[in-house]
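Colleague: Got a minute to go through this one with me? I'd like to hear the reasoning behind the labels.

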Amino acid sequence: MKEIKTGGIYKIRLLLNNEDDDVLNNNNCDGSGPHSINPEVRVLPTGGDSNAILCFTCFLRELQFRKQRNKELSKESQFKLPSWESLKKYAYL
Ligand SMILES: [Zn+2]
């Protein structure tokens with residue numbers, strides 16, 4: 001299991017604990033899955049200098065988490081909610 005430095009994704013993984021039920025593997029995605037059929041991954045900034053590399057489905061799950069958390073956070077500490085289109089495509093080495 002890859003360690004993720006973002007609260008959102010890590011918590012979702014703990015809640016679902018569904019790694020065995022993934023419909024597809026995506027070795028490039030930092031999310032817990034299930035992943036998108038489209039293997040494309042993009043770079044989501046997670047604060048500071050860190051990023052999460054996510055497929056579209058895991059990105060949507062993270063955004064859902066952020067929207068939920070933002071209801072409990074003061075305006076200054078709220079998560080950003082970028083669009084998928086605005087994220088940089090992850091460049092494979
Ligand atoms: Zn994914």
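Colleague: Among contacts in the protein between residues at least 6 apart in sequence, what percentage join residues at least 24 apart?

Modeller: It's 41%. Keep in mind that this is a predicted model.

Colleague: What is the overall pattern along the sequence?

Modeller: Reading along the sequence you get α-β-β-α-β, with two helices and three strands in the protein. Buried residues make up 25% of the 93 residues.

Colleague: How do you know that β1 and β2 pair, and in which sense?

Modeller: Two strands count as paired when there are at least two bridges between them. Strand β1 (residues 41-45) and strand β2 (residues 51-55) have five bridges, so they pair, and the sense is antiparallel. L44 stands opposite A52 in β2. Five residues sit between the strands of that hairpin, and G47 takes a positive phi near 100 degrees there.

Colleague: Why is F79 called partly exposed?

Modeller: Count the other C-beta atoms within 10 Å: F79 has 19. Buried needs 20 or more and exposed needs 12 or fewer, so a count in between is called partly exposed. F79 is found in the loop between α2 (56-70) and β3 (88-89).

Colleague: Which residues is F79 in contact with, leaving aside neighbours within four places in sequence?

Modeller: R66, R69 and N70. As for Q68, which is 11 residues away along the chain, its C-alpha atom is 9.9 Å from that of F79.

Colleague: What makes up the largest nonpolar core?

Modeller: Eight residues: C29, V41, L44, A52, L54, C55, C58 and F59. β1, β2 and α2 each supply at least two of them, and the largest share, three residues, comes from β2. C29 is in contact with V41, L54, C55 and C58, among others. A nonpolar core is joined through C-beta atoms within 7 Å, and a contact uses that 7 Å cut-off too, so those contacts tie C29 to the core.

Colleague: How do you know that α2 has close to its expected span?

Modeller: α2 has 15 residues and reaches 21 Å from its first C-alpha to its last, close to the 21 Å expected at 1.5 Å a residue.

Colleague: And what puts the buried residues of α2 on the same side?

Modeller: The buried ones are C58, F59, R61 and E62. They cover an arc of only 160 degrees around the axis, so they lie on the same side of α2. On the other side, Q64, K67 and Q68 are exposed. In general, an α-helix has 3.6 residues a turn, so residues three or four places apart point the same way.

Conventions:
Residues numbered from 1 in each chain as written. Predicted model: local features only at pLDDT ≥ 70, side-chain atom pairs only at ≥ 80, totals over all residues. Helix = DSSP H or I, 4+ residues; strand = E, 2+ residues; numbered from the N terminus. Contact = placed C-beta atoms within 7 Å. Expected span 1.5 Å × (residues − 1). Arc of directions from axis to C-beta.
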